[in-house]
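Here is a friendly walk through a protein model, written for someone who thinks at the bench. Keep the structure open beside you as you read.

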Amino acid sequence: WDSPNTLGLTAADLANPVLAKRFGSPKPASLVKVAPTDDLPDALAKQASALRQAGSEVVAVVCNRVATARAVFEELRHEGEAVLLTGRIRPVDKAALLEAYLPRLAVGSRGKRTPLYLVATQTIEVGADLDFDAMVTECAPISALRQRAGRLNRLGELATAALVIVYQPLKDDRVYGKAVAEAWSWLTKVARGPVRGQPKVVDFGVIALGALLAAKPPPRRKYPKHPCCCAPILTC
């Protein structure tokens with residue numbers, strides 16, 4: 001976001017009423033920290049249930065691990081209709097799931113929806129043009145959180161769309177390493193609040209977050225290099 005070679009929208013672009021609605025809509029992200037010994041899937045499921053009770057119809061829960069996503073799904077499927085979408089399912093099964101549920105998840109489907117939980121891993125960060133009314137996500141690197149939040153209220157049809165970021169401190173995150181703790185540290189520093197006992201909040205609306213990143217950029221992520229060729233080392 002701070003590269004001189006990055007292409008972006010101009011002030012004239014943002015003045016366009018369609019783009020202004022999409023990019024200007026607030027996405028207040030509440031920051032929720034749970035203890036290392038807490039049941040993370042249960043915490044994520046409870047946050048999703050609270051969003052449903054508050055009136056959101058299609059609620060997404062995005063997890064960093066398949067095992068966590070499956071556990072959250074097992075909890076939520078007893079509360080209402082739920083679907084599980086992970087990168088480990090076969091492409092044919094993923095296609096079938098999207099065909100069955102996309103009419104209730106896709107951009108432009110608002111007004112034809114019925115209550116649904118979608119529990120997923122990072123697989124939703126790319127691919128189908130999904131649009132959620134509210135979202136709960138595990139804390140992740142800022143770039144990943146931005147991608148996930150991009151699936152929330154994509155057209156700006158809602159006046160506001162709630163986002164909850166849940167962080168559980170771990171000694172060693174096998175997916176993202178130290179990037180999760182670094183992201184959480186930055187989020188808590190730039191967040192507003194807490195107010196009247198409510199959690200700290202960071203606006204993940206496109207314009208609001210872009211301005212925040214420009215004013216107070218988070219630390220750059222450092223990737224380990226191979227000792228022979230200096231290429232980044234990929235981990236899983």
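The report below covers the nonpolar cores, a leucine, an arginine and the cysteines of this predicted model.

## The largest nonpolar core

Let's start on the inside. The largest nonpolar core has 42 residues, and the members that touch the most others are Phe132, Ile165, Leu187, Val202 and Phe204. Helix α7, which spans residues 179-190, contributes the most to this core, with seven residues.

Phe204 is a good one to click on. Setting aside residues up to four places away in sequence, Phe204 touches Lys27, Ala29, Leu145, Arg146, Ala149, Leu163, Ile165, Leu187 and Leu209. Two of the residues on that list, Ile165 and Leu187, are also named among the core members with the most contacts.

## A second core

There is also a separate core of 23 residues, with Cys63, Ala82, Tyr117 and Val136 among its members.

Leu76 offers a view of some of these residues. Leu76 sits in helix α4 (residues 66-76) and counts as buried because its relative accessibility is 0%. Beyond its neighbours within four places in sequence, Leu76 is in contact with Ala45, Ala48, Val61, Ala82, Tyr117 and Val119. For a sense of scale, take Ala20, which is 56 residues from Leu76 along the chain: the C-alpha atoms of the two are 35 Å apart.

## A buried arginine

Which side chain of opposite charge is nearest to Arg52? The answer is Glu79, but at 6.6 Å, and Arg52 has no salt bridge although it is buried. A salt bridge calls for a separation within 4 Å, so the distance to Glu79 does not qualify.

Arg52 belongs to helix α3 (residues 40-53). Its side chain does find a backbone partner, reaching the oxygen of Glu57 at 3.0 Å. Apart from neighbours within four places in sequence, the contacts of Arg52 are Glu57, Val59, Pro115, Leu116 and Tyr117. Tyr117 is thus a contact of Arg52 as well as of Leu76.

## The cysteines

How many disulfides does the structure hold? The count is zero. Cys63 is in none, and the nearest cysteine sulfur to it, that of Cys139, lies 13 Å away. Looking from the other side, Cys139 is also in no disulfide, and the nearest cysteine sulfur to Cys139 is that of Cys63. A disulfide needs the two sulfur atoms within 2.5 Å, so a pair at 13 Å does not count as one.

Are these cysteines buried or exposed? Cys63 is buried, at 0% relative accessibility, and Cys139 is buried too, with a relative accessible area of 2%.

Notes: Residues are numbered from 1 along each chain as its sequence is written. This is a predicted model: local features need pLDDT of at least 70, side-chain atom pairs count only at pLDDT 80 or more; totals for chains, interfaces and linings use all residues. Side-chain values use heavy atoms; hydrogens and water are left out. Helices (H or I, at least four residues) and strands (E, at least two) are DSSP runs, numbered from the N terminus. Buried means under 20% relative accessible area, exposed over 50%, partly exposed in between (1.4 Å probe, protein chains only). Lys and Arg count as positive and Asp and Glu as negative; His and the chain ends are not counted. A polar contact is a pair of N or O atoms within 3.5 Å; within protein, one must be able to donate a hydrogen and the other to accept it, and residues adjacent in sequence count only if both atoms are side-chain atoms. Contact means heavy atoms within 4.5 Å. A nonpolar core is a set of buried Ala, Val, Leu, Ile, Met, Phe, Trp, Tyr and Cys residues joined through side-chain atoms within 4.5 Å.
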